[in-house]
Amino acid sequence: MADLTRRSFLQNAPATAATLSVLPAMPALAATPYSAGATAPRATSATSMVIHVGDVAAGEMTLLVGAQEIVLRDPGLAASLAEIAASAGLPLQA
Amino acid sequence: MSSHREAPEISKDPVADNTDVYAFVSPDNLDTVTLIANYIPAEAPDGGPNFYEFGDDVLYEIHIDNDGDGDVDITYQFQFQTTLQNPDTFLYNTGRISSLTDPNWNKRQSYSVTRVRNGQATVLGEDLASPPCNIGPFSTPNYDALAQAAIHQLPSGETVFAGQRADGFYVDLGSVFDLLDLRPFQNLHIFPMPAGPGVNGLNRLNVHTMAIQLPKSMLTRDGSNPTNPNDPRSVVGVYASASRRQAIIFGPNADIDEYGPWVQVSRLGDPLFNEVIIPLGRKDFWNSQPPRGDKQFLKYVQTPEVPQRLVEYYPGVFPNLAAYNKPRADLVAILLTGIPAGIIPGFQNFTGQTLADLLRLNMAIPPSASPDILGILGGDLAGFPNGRRVVDDVFTIELRALAGVTIPLVDPSFTPDAASSVVTDGLTPSSIKSPFLASFPYLGTPYSGFDNPSS
């Protein structure tokens with residue numbers, strides 16, 4: 001079973017996941033403001049981000065881009081990500 | 001042990017571990033206040049080849065509440081950057097370090113200071129040099145001069161220092177956490193042994209210090225100069241914190257990317273609060289919370305565990321304490337609101353009804369000519385819990401308070417046990433090998449690795 005690396009995820013993700021960087025019309029539930037005045041060390045590039053899916057069933061996830069946090073709910077997107085994990089032999093616990 | 005490795009998660013993250021906070025009217029500069037926050041507990045002096053340093057990936061902050069609502073009004077942020085002059089050597093220094101710009105000094109750290117006030121962030125200084133660690137007589141022969149050169153006067157009026165110092169907290173760590181087996185009194189312990197002198201468990205260990213000295217008027221809510229101890233504007237609440245980015249991704253080639261906002265992982269106001277007041281199951285959570293929400297921890301202050309343990313481990317020594325079952329309103333005042341006027345003659349450090357663990361300093365009370373290390377318990381109104389000076393014996397003060405000596409402040413019907421006013425771990429500032437300084441940054445010269453090997 002091949003390890004699911006970040007690089008392989010991006011290379012092998014289905015077409016629908018390729019729109020992650022765009023996120024059209026995603027309902028943003030909350031945006032946490034960046035700590036006033038603090039400068040982010042090791043500034044990340046504008047093309048990278050982290051998605052944390054906290055609840056697959058509810059579609060609750062956090063998108064981290066640079067120093068910003070965006071909380072959103074999209075069950076369809078969460079299900080797609082879970083499907084990708086399962087297809088790589090990494091089924092999520094119920 | 002004021003807050004050294006006091007919670008499960010932060011004990012695994014020493015670079016972000018806030019160990020002590022001090023706040024006092026500067027004894028040699030009476031119009032100013034000095035704020036100190038220490039991090040990185042128990043630094044062994046012989047810390048090579050990668051000597052201790054602040055974390056480039058940590059946001060260090062000192063916060064001030066000056067209007068009594070438990071919310072932060074002013075924050076000083078410190079952020080660090082490490083640079084290598086020569087990445088092709090394994091050495092921290094390749095020769096004697098004679099100055100902060102000496103080419104022999106390879107691995108250096110500098111920092112920026114930002115002040116946030118009323119939501120406005122102002123960068124006060126950038127590329128400020130930290131001194132090297134104190135290595136030994138060949139590498140850092142004139143260490144005090146290096147440290148002195150790392151004191152920066154900012155154009156905005158603050159004086160800052162960030163670097164290694166000798167740990168100024170003194171406590172018999174080994175005996176305290178051997179179930180309060182205090183050496184001067186261990187003949188009375190449930191596991192009795194002959195009484196003996198205390199041993200400073202942090203002696204000959206270093207910390208990393210952030211220190212700020214600034215005019216009092218820069219801390220008050222209206223820019224006034226505090227002269228009246230009864231004026232609420234004279235009191236500020238202080239705490240420090242450390243934060244990390246919400247997500248860190250470790251790549252396969254030692255590349256590290258960080259994402260998301262800062263998340264608080266450590267905080268400290270009063271010494272020993274998270275150490276001995278908050279139970280293990282909630283220490284990590286406590287570290288993540290702002291002080292303004294400390295009402296959720298009220299029950300631990302009202303019914304602290306330490307008195308119960310004193311009664312258990314010293315049978316028959318604290319009978320009055322054992323019989324006292326009222327909520328500890330004295331500790332709530334000392335730790336969560338400040339002491340209101342009318343309780344202790346000539347003193348108040350009350351910040352209002354918002355329950356918050358803050359170090360509360362009444363800036364209108366001048367320094368003592370002869371400080372009593374027992375602070376207010378010893379009749380010295382300039383000492384802890386009026387802020388905290390480097391000399392204050394905060395362990396003994398808090399132990400005696402927990403043992404009941406402060407209950408009469410709120411309940412005159414209570415008579416403290418005789419033992420409550422003498423219980424101690426037996427230490428004083430003389431238990432610290434590197435003495436305190438009479439001037440900024442007040443903490444002693446850090447122990448050199450060559451002269452203080454771990455063995």
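1. Chain B contains nine helices and twelve strands. Helices here are DSSP runs of H or I with at least four residues, strands are runs of E with at least two, and both are numbered from the N terminus. The model is a predicted one, in which local features need pLDDT of at least 70, side-chain atom pairs count only at pLDDT 80 or more, and totals for chains, interfaces and linings use all residues. Residues are numbered from 1 along each chain as its sequence is written, chains are lettered from A and ligands numbered from 1 in the order in which they are written, and side-chain values use heavy atoms, with hydrogens and water left out.

2. On overall dimensions, the radius of gyration of chain B is 22 Å, which agrees with the value near 23 Å for a compact globule of 455 residues. This radius is taken over C-alpha atoms, and the globule rule is 2.2 Å times the number of residues to the power 0.38. Along the principal axes, the C-alpha atoms of chain B fill a box of roughly 70 × 55 × 45 Å.

3. On burial and contacts, 59% of the 455 residues of chain B count as buried. Buried means under 20% relative accessible area, exposed means over 50%, and partly exposed lies in between (1.4 Å probe, protein chains only). When contacts in chain B between residues at least 6 apart in sequence are considered, 66% of them join residues at least 24 apart; a contact means heavy atoms within 4.5 Å.

4. The exposed surface of chain B is about 17,300 Å², of which carbon and sulfur atoms supply 55%. Accessible areas come from the Shrake-Rupley method with a 1.4 Å probe, and for residues only the protein chains shown count as cover.

5. Chain A has two helices and four strands, and its pattern along the sequence is α-β-β-β-β-α. Of its 94 residues, 26% are buried. Among contacts in chain A between residues at least 6 apart in sequence, 48% join residues at least 24 apart. Chain A exposes about 6,000 Å², with 60% supplied by carbon and sulfur atoms.

6. On charge, chain B carries 29 positive and 50 negative side chains, and the centres of the two sets are 3 Å apart. Lys and Arg count as positive and Asp and Glu as negative, while His and the chain ends are not counted. The place of a charge is taken as NZ of Lys, CZ of Arg, CG of Asp or CD of Glu.

7. Side chains of opposite charge can pair when their charged atoms come close. Over all chains, the structure holds 18 salt bridges, each defined as a side-chain nitrogen of Lys or Arg within 4 Å of a carboxyl oxygen of Asp or Glu. One network of salt bridges links B:D13, B:D57 and B:R244.

8. B:K12 and B:E9 form a salt bridge in which the closest N and O atoms are 3.2 Å apart. B:K12 is exposed, with a relative accessible area of 62%, whereas B:E9 counts as partly exposed at 46%.

9. A salt bridge also joins B:R309 and B:E305, with an N to O distance of 2.9 Å. Both residues lie in helix α6 (residues 305-313) of chain B, four residues apart, about one turn of the helix. B:R309 is partly exposed at 31% relative accessibility, and B:E305 is partly exposed at 38%.

10. The side chains of B:R233 and B:D222 meet in a salt bridge of 2.5 Å, N to O. The two residues are eleven apart, in the loop between β9 (206-215) and β10 (235-250) of chain B. B:R233 counts as partly exposed at 33% relative accessibility, as does B:D222, with a relative accessible area of 42%.

11. B:S112 belongs to strand β5 (residues 107-117) of chain B and is buried, its relative accessible area being 17%. Apart from neighbours within four places in sequence, B:S112 is in contact with B:Q77, B:F78, B:Q79, B:G125 and B:E126.

12. B:I334 lies in helix α8 (residues 329-337) of chain B and is buried, with a relative accessible area of 12%. Not counting residues up to four places away in sequence, B:I334 touches B:D270, B:I339, B:P385 and B:T406. From C-alpha to C-alpha, B:I334 and B:Y60 are 26 Å apart in space, and 274 residues separate the two in sequence.
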